[in-house]
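Biologist: I would like to learn how to read helix packing and backbone details from a model. Can we work through one together?

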Amino acid sequence: MSNKKNKEIEIDDSDNEIENDSGSEKDSDLDSDGNYVGDKELQADFEGRNPEDCDFHGIKQLLRQLFLKSNVDLGGLAQIIISQNYVGSVVKQCLDDGQEDDDEDDDEDDDGSDGVFGITTVINITKRKDESCIQQIRTLLTTLAEENANDKTKSFINKILSDDSKQVGLVINERILNIPAAISVPLFASLQSELDKAVKKNMPYTFQYLIWICKTYNTGDEGSEVLFANQEEKPLLEEALASFDVDVTEQADLSQWDYDGGALTPCRKILIFDGSKFNNLVRLLKEEVENV
């Protein structure tokens, strides 16, 4: 499938400049989720595009950042994202005029990432519940809730995942660390528009509930502020119908990430929202970005 379409989603990260490194030095600049945390800077323009076949490995790599070593077929999930490319965007680097055609055969990066720097989309995990990778995600959510959530939240998650009359959407908002939060605003604006168009065509994108898995870090100090890897997601917590935290230290390649002289433990915060509040969630993340 190839339906490449440049969207009105661009961000100039020219305030930062980065040099490409390789070998052990490059590896040492990655955090426990595989994100770049070195002190070098990046200068690049980015744009949103419809996901397509050549983005498979890049999308899969980003999904691995989110799901780590969980029992989820990330290749199958990447294929679903590409198959519904009328909803959602991948973030890629802008190319100079004429460069795209010349480099079509060389689009894939040396690490297999295909130059995909982010992915923002939503998947109907009720409608697709019989697909293997979605079954695995649903099982993962119930298992994580059973091990980490309170009784009320456990019951709630089991209820919404067992009722096929309630459409549940899984929001995926993932990118490499050094892409600024500002990119999320046009990505979600585009997603809003695409969902509206899909619903008008009677496609299954009207959700009663939304599940959002956020990457977070904490210091372990009681009462300390939770840090969100994607800063724009921070204000969404107060809008959640239910939430719980998962310590993913054992799944991460490195157990902790140094930050301002301290050490942060990688976690996942699972948030569940009323699906009708999606536009309000987008408004909140937009305000968060503007206030940074």
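**Reading helix crossings and local features**

Modeller: Start with a crossing. Helix α7 passes helix α8 with a left-handed crossing. Keep in mind that this is a predicted model.

Biologist: Which residues of α7 and α8 make the contact?

Modeller: From α7 come S184, V185, F188, L191, Q192 and L195. From α8 come F278, N279, V282, L285, K286 and V289. Sorted by class, that contact holds eight nonpolar, three polar and one charged residues.

Biologist: At what angle do α7 and α8 pack?

Modeller: The angle is about 165°, and the axes are 9 Å apart. Helix α7 covers residues 184–200, and helix α8 covers residues 278–291. Angles over 145 degrees count as roughly antiparallel. Therefore α7 and α8 are roughly antiparallel to each other.

Biologist: Let us step back to the whole chain. How many helices and strands does the protein have?

Modeller: There are eight helices and ten strands. The protein has 292 residues, and 49% of them are buried. Its accessible surface comes to about 14500 Å². Carbon and sulfur atoms account for 41% of that surface.

Biologist: How do I read contacts against sequence separation?

Modeller: Take contacts between residues at least 6 apart in sequence. Of these, 80% join residues at least 24 apart.

Biologist: Give me another helix pair. How do α2 and α3 pack?

Modeller: Read the angle, then the distance. Helix α2, residues 56–67, packs against helix α3, residues 74–83, at about 120°. Their axes are 9 Å apart. That makes α2 oblique to α3. The α2 and α3 crossing is right-handed.

Biologist: Which residues of α2 and α3 meet?

Modeller: On the α2 side, they are F56, I59, K60, L63, R64 and F67. On the α3 side, they are L74, G75, L77, A78, Q79, I81 and I82. By class, the contact has nine nonpolar, two polar and two charged residues.

Biologist: I82 is on that list. Is I82 buried or exposed?

Modeller: Compare the relative accessible area with the cut-off. Buried means under 20%. I82 has a relative accessible area of 2%, so I82 is buried. I82 sits in helix α3. Its C-alpha atom is 9.4 Å from that of C54, with the two positions 28 residues apart in sequence numbering.

Biologist: Helix α3 also crosses α5. What is the angle there?

Modeller: The α3 and α5 axes cross at roughly 115° and come within 8 Å. The range from 65 to 115 degrees counts as roughly perpendicular. Therefore α3 and α5 are roughly perpendicular to each other. Their crossing is left-handed.

Biologist: And which residues of α3 and α5 meet?

Modeller: G76, L77 and I80 of α3 meet C133, I134 and I137 of α5. That contact divides into five nonpolar, one polar and no charged residues.

Biologist: Now the loops. Where is E131?

Modeller: E131 lies in the loop between β4 (116–124) and α5 (132–148). With a relative accessible area of 31%, E131 is partly exposed. Next, check spatial neighbours by C-alpha distance. E131 and G76 are 55 residues apart along the chain, yet their C-alpha atoms are separated by 8.7 Å.

Biologist: What about backbone torsions? Which sign does phi of L68 have?

Modeller: Look at phi, then at the residue type. L68 has a positive phi of about 50°, and L68 is not a glycine. L68 belongs to the loop between α2 and α3. Its relative accessibility is 13%, so L68 counts as buried.

Biologist: And N202: what is its phi?

Modeller: Phi of N202 is near 60°. That is a positive value in a residue other than glycine. N202 lies in the loop between α7 and β6 (209–218). At 73% relative accessibility, N202 counts as exposed.

Biologist: One strand case, please. Where is A263?

Modeller: A263 is in strand β10, residues 262–274. Buried stops at 20% and exposed begins over 50%. A263 has 29% relative accessibility, so A263 counts as partly exposed. A263 and G220 are 43 residues apart along the chain. Their C-alpha atoms are separated by 9.0 Å.

Definitions and conventions:
Residues numbered from 1 in each chain as written. Predicted model: local features only at pLDDT ≥ 70, side-chain atom pairs only at ≥ 80, totals over all residues. Heavy atoms only, no water. Helix = DSSP H or I, 4+ residues; strand = E, 2+ residues; numbered from the N terminus. Buried < 20%, exposed > 50% of the residue type's maximum accessible area, 1.4 Å probe, protein only. Contact = heavy atoms within 4.5 Å. Areas by Shrake-Rupley, 256 points an atom, 1.4 Å probe, with all protein chains shown as cover. Axes fitted to C-alpha atoms, helices over the stretch in contact; angles between N-to-C directions. Parallel < 35°, antiparallel > 145°, perpendicular 65-115°, else oblique. Left-handed = near helix turned anticlockwise from the far one by under 90°. Nonpolar A, V, L, I, M, F, W, Y, C, P; charged D, E, K, R; others polar.
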